[in-house]
Amino acid sequence: MIEMNNVSVRYPGAKHDALSDIDLTFEKGDFICILGKSGAGKSTFIRCINGLQELTQGEVKLDGKQISNMSEEQLRQVRLEMGMVFQHFNLIPRMSVIQNVLTGIFGYRSNVKNLLGLFSADELEQAKRVISEVGLSDMMDRRVERLSGGQKQRVGIARAIVQRPRILLGDEPVASLDPGTSNHIFTLLKEMHQRLGLLTIINVHDIGLAKRYATRLLALKDGKLIFDGNPEEFTESYYEETYESPDNLLT
């Protein structure tokens, strides 16, 4: 489904690549967690997949079509197939839960309808169904600014899922949440992934979560891929290499 061939990214003025010579293939059904220290290249990696990051060299392909060669309109269509869950939620605080979730279908509609906030009965029903699936049906009309962090992230997941994506991307979606809430969010992400038959790729800082939920782990260090394998194969030696610390070793 997704191919990354010899992908490298170097930002203007930088002395080293943010990503270097990445060669990977991802298929439907993969639940992938990407590990690495801050600055290892994880966010750049995700941005390469959804076409937000220009490549210095190499290519990213979706179903055999090179993303970097696409027009803005073609990229817009590709991004409709890629739901995104963000670390800081990227919600509109003064709008309600259902209003925020409905923004997930904006890409399928005219600008006039989006501006006027005109939604069909089917669109409203679709949003309500997804909100119920993430456990927020009793908060549908509540302003997002009144929600907890975990509830806000559930709204973010609902917004991504209402988009009807084939691919679900996450850029540190639980980094600002407590461990218990993080576990609940990952449980929800995995359930959605399995039920909808998605390809899921998530950056995560918590090795415990990654090993618990992922079917495949990647580790980045200084923009280079240093591990690609099953979670059980990610041993203490890989942990030390990834994070360069003898403390808090993997258990």
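The lining of the largest pocket comprises eight nonpolar, seven polar and five charged residues, where Asp, Glu, Lys and Arg count as charged, Ala, Val, Leu, Ile, Met, Phe, Trp, Tyr, Cys and Pro as nonpolar, and the others, Gly among them, as polar. This is a predicted model, in which local features need pLDDT of at least 70 and side-chain atom pairs count only at pLDDT 80 or more, while totals for chains, interfaces and linings use all residues. Residues are numbered from 1 along each chain as its sequence is written, and side-chain values use heavy atoms, with hydrogens and water left out.

**Largest pocket**
- The largest pocket (an open set of points on a 1 Å grid over the protein atoms alone, where a 1.4 Å probe fits, with protein on both sides within 12 Å along at least five of seven lines) has a volume of about 490 Å³, taken as the space filled by probe spheres set on the points, which are joined across faces, edges and corners.
- Among its 20 lining residues (those with an atom within 4 Å of a point), R79, M82, M84, F86 and Q163 are the closest to the centre.
- Strand β6 (82-86) gives the largest share of the lining, four residues, where strands are DSSP runs of E with at least two residues, and helices are runs of H or I with at least four, numbered from the N terminus.

**Cysteines**
- The count of disulfides (pairs of cysteine sulfur atoms within 2.5 Å) is zero.
- The sulfur of C48 lies 19 Å from the closest cysteine sulfur, in C33, which is too far for a bond.
- C33, at 0% relative accessibility, counts as buried (under 20% relative accessible area, with a 1.4 Å probe and protein chains only).

How values were computed. Buried means under 20% relative accessible area, exposed over 50%, partly exposed in between (1.4 Å probe, protein chains only).
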